[in-house]
Amino acid sequence: MTEYSTQELMIIAAARQIQDGERIFVGMRLPITAYGVARLTHAPNAVGLFESGVARYEPADGMLYTMCDGPNQLGAAWTTGLIQIMGLLSGGRVHAGFIGGAEVDRYGNINTSYIGDTENPKVKLPGSGGAPDIAAMAERLVIIINHQKHRLVEKVDFITSPGFLDGGDARTKAGLPGGGPAVLITDRAILQPYGPTNEFHLASIHPGHTLEEVVQNTGWALKSVPDVAQTPPPTKEEMDALHHIDKEGFWRS
Amino acid sequence: MGERAINNHKLTSLAAAIATYVQDGAAIVLGAALENAVPFAATHELIRQGRRNLNMIAPISDISTDMLIGAGCVAEVTGAWVGNVSGGMGHNFRRAAEHGLPHPIKINDYSNFSIGMAFFAGAYGLPYIPVKSILGSDILKSNQKIKLAKDPFSGEPVALVPALKPDVAFLVVQRADCDGNSHIWGSTGLTQEASIAANKIIVLADEIVEPEVIASDPSRVLIPGFGVDAVCHVPAACHPAPLIGKWKRDNSFFHDYHKETRDPADFARWCDEWVRDLPDHAAYRAKLGGQLEELRVLGDAPSAPANYATE
């Protein structure tokens with residue numbers, strides 16, 4: 001059996017969300033590695049988009065601390081401006097985007113702005129970056145977050161990036177063109193919107209984790225889809241690709 | 001070829017450019033490219049000259065905004081993200097937003113695309129611009145300047161974002177001539193829209209070259225010299241951010257800043273050591289010494305020349 005860490009399983013679960021030939025809004029940190037793994041395995045024709053103004057075919061060769069670093073620009077398909085790249089999103093030409101956050105709620109709304117009151121915050125988080133734009137406009141959104149009760153909450157204090165808002169058809173009524181969050185990947189499980197409310201339900205549990213543990217670490221009364229799966233462990237091919245992309249193990253530790 | 005009039009009077013020191021063009025209370029773009037080409041040399045000089053009540057306008061400018069807040073220069077932050085891209089949160093930004101230290105700041109929330117379109121409107125004379133990508137976000141509640149409206153054509157909801165017109169934009173470029181004609185390569189974020197929207201442009205050139213070098217490739221010019229007010233020759237003005245083909249990112253510097261600015265006294269010490277006690281950016285480069293030399297890009301990956309011949 002292939003040895004892997006939880007972080008590595010999260011990256012590979014994220015990589016599996018990328019379909020071949022898709023234009024993907026990659027962003028920073030873990031999804032950069034996920035994009036690389038997808039390109040080297042099942043999605044050799046995916047295109048990676050970075051809001052600073054970069055489009056790439058091949059994953060970058062070299063360590064990326066940020067999307068703006070030299071290795072992400074050398075050999076790029078396009079280096080341009082933010083409006084040109086995010087304009088692809090706004091124009092409805094991006095299949096999927098990845099974002100993380102400090103808090104996510106049962107309808108997939110994400111907070112990266114304020115914990116507590118907006119005027120008088122308990123914690124001022126760094127803010128939105130391009131996340132609301134991705135959440136609003138991508139055909140589907142992949143959310144990656146650590147599975148803790150204070151992170152998966154009943155209701156976020158501030159909706160930086162919209163999921164299904166109050167659930168049901170609230171998102172469509174608000175005029176949001178993109179399809180919204182399709183999957184929430186944590187270090188314990190995979191959650192997906194289910195049924196007419198679009199509430200996030202447990203869809204798959206990572207190997208070594210239990211239903212009880214997942215429920216206990218979720219801030220709302222977590223329901224399950226009818227047939228909860230076990231997340232398939234990484235294959236040798238996926239792990240080889242991951243080690244090739246993240247040679248130093250920087251994003252896996 | 002005809003002779004071009006060469007204008008030398010724009011070439012000046014960064015200290016003189018800031019003294020001339022940046023007043024207290026000014027709205028400033030400092031770092032529109034996101035994480036590369038951040039004009040940290042200008043950040044330092046604004047702190048040294050003790051500018052106050054600035055409105056810092058940028059999508060993301062890494063730790064530059066955090067430094068200016070900690071040094072007491074900032075009254076307003078207009079942007080999408082303030083923090084430390086390597087280390088996480090910016091301690092000074094948090095202190096100001098949560099506890100009003102060293103003094104309170106007003107935060108005008110935007111997303112990256114909506115602030116980009118606000119610059120676009122500012123650059124091209126549109127009073128506002130309709131944007132869909134912040135629908136559903138509480139940014140519509142926290143930023144009172146953005147209005148939710150109905151698209152008069154489709155009846156669909158749309159967010160109206162007013163034009164942003166900064167007073168001064170600082171730009172780090174790989175090379176410029178002394179008239180401010182500048183070549184930039186690599187991703188540029190909102191550099192173009194923010195600069196055109198701004199009333200004054202100050203260029204920080206890593207290298208000053210002969211006008212013929214720039215004129216040989218006009219497609220690589222992001223901002224022509226006729227729009228530029230001052231040109232400053234400041235090598236590694238971007239440090240610790242990268243500049244494509246010139247300087248790599250000094251990632252450990254960002255982590256050290258995060259560790260060394262946890263409380264106000266720590267930040268004051270950091271700011272004395274790296275900014276206030278140094279007379280200018282040349283002294284900053286000298287202090288970095290070998291650490292900076294290790295970040296210099298030494299490799300060679302030139303683009304193929306483009307032929308502009310007419311016959």
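Two strands count as paired here if DSSP finds at least two bridges between them. Keep that in mind as you open this predicted model and follow the stops below.

**Stop 1: the sheet in chain B**

Begin by selecting residues 128-131 of chain B, strand E5, and then add residues 157-162, strand E7. E5(B) and E7(B) are joined by four bridges and pair in the antiparallel sense. For a landmark on this pairing, show Pro130(B), which faces Leu160(B) of E7(B).

Now add residues 147-150 of chain B, strand E6. You have an open sheet of three strands with antiparallel pairing, in the order E5-E7-E6. E5(B) and E6(B) are its edge strands, each pairing on one side only. Turn the view and look at the strand directions: ignoring which way they run, neighbours in this sheet are turned by 40° against each other on average.

**Stop 2: the hairpin**

Stay with E6(B) and E7(B), an antiparallel pair held by four bridges. Here Lys150(B) sits opposite Pro157(B) of E7(B). Six residues lie between the two strands of this hairpin, and Gly155(B) has a positive phi near 80°.

**Stop 3: the helix across the sheet**

Next, select residues 112-123 of chain B, helix H5, which lies across E5 and E7 of chain B. Relative to E5(B), the helix runs at about 150°. Try a distance label between the end C-alpha atoms of H5(B): they are 16 Å apart, in agreement with the 16 Å that twelve residues should span at 1.5 Å a residue.

Is H5(B) mostly covered or mostly uncovered? Mostly covered, as eleven of its twelve residues are buried. Colour the buried ones to see this; among them are Phe113(B), Ile115(B), Met117(B), Phe119(B) and Phe120(B). The glycines Gly116(B) and Gly122(B) are buried as well. Following the helix comes Gly125(B), with a positive phi near 75°.

**Stop 4: where the chains meet**

Finally, bring chain A into view. The contact takes in 45 residues of chain A and 49 of chain B. On the chain A side, helix H3 (70-73), helix H4 (82-90), strand E9 (121-124) and helix H5 (131-137) each supply at least two residues. Which of these elements gives the most? Select H4(A): it contributes five residues to the side that touches chain B. Colour that side of chain A by residue class and you will find 22 nonpolar, 18 polar and five charged residues.

Terms used
Residues are numbered from 1 along each chain as its sequence is written. Chains are lettered from A and ligands numbered from 1 in the order in which they are written. This is a predicted model: local features need pLDDT of at least 70, side-chain atom pairs count only at pLDDT 80 or more; totals for chains, interfaces and linings use all residues. Axes are lines fitted to C-alpha atoms, for helices over the stretch in contact, and angles run from 0 to 180 degrees between N-to-C directions. Two residues are in contact if their C-beta atoms, placed from the backbone, lie within 7 Å. The expected span of a helix is 1.5 Å times one less than its number of residues. A residue is buried if 20 or more other C-beta atoms lie within 10 Å of its own, exposed if 12 or fewer, and partly exposed in between; C-beta atoms are placed from the backbone. Ala, Val, Leu, Ile, Met, Phe, Trp, Tyr, Cys and Pro count as nonpolar, Asp, Glu, Lys and Arg as charged, and the others, Gly among them, as polar.
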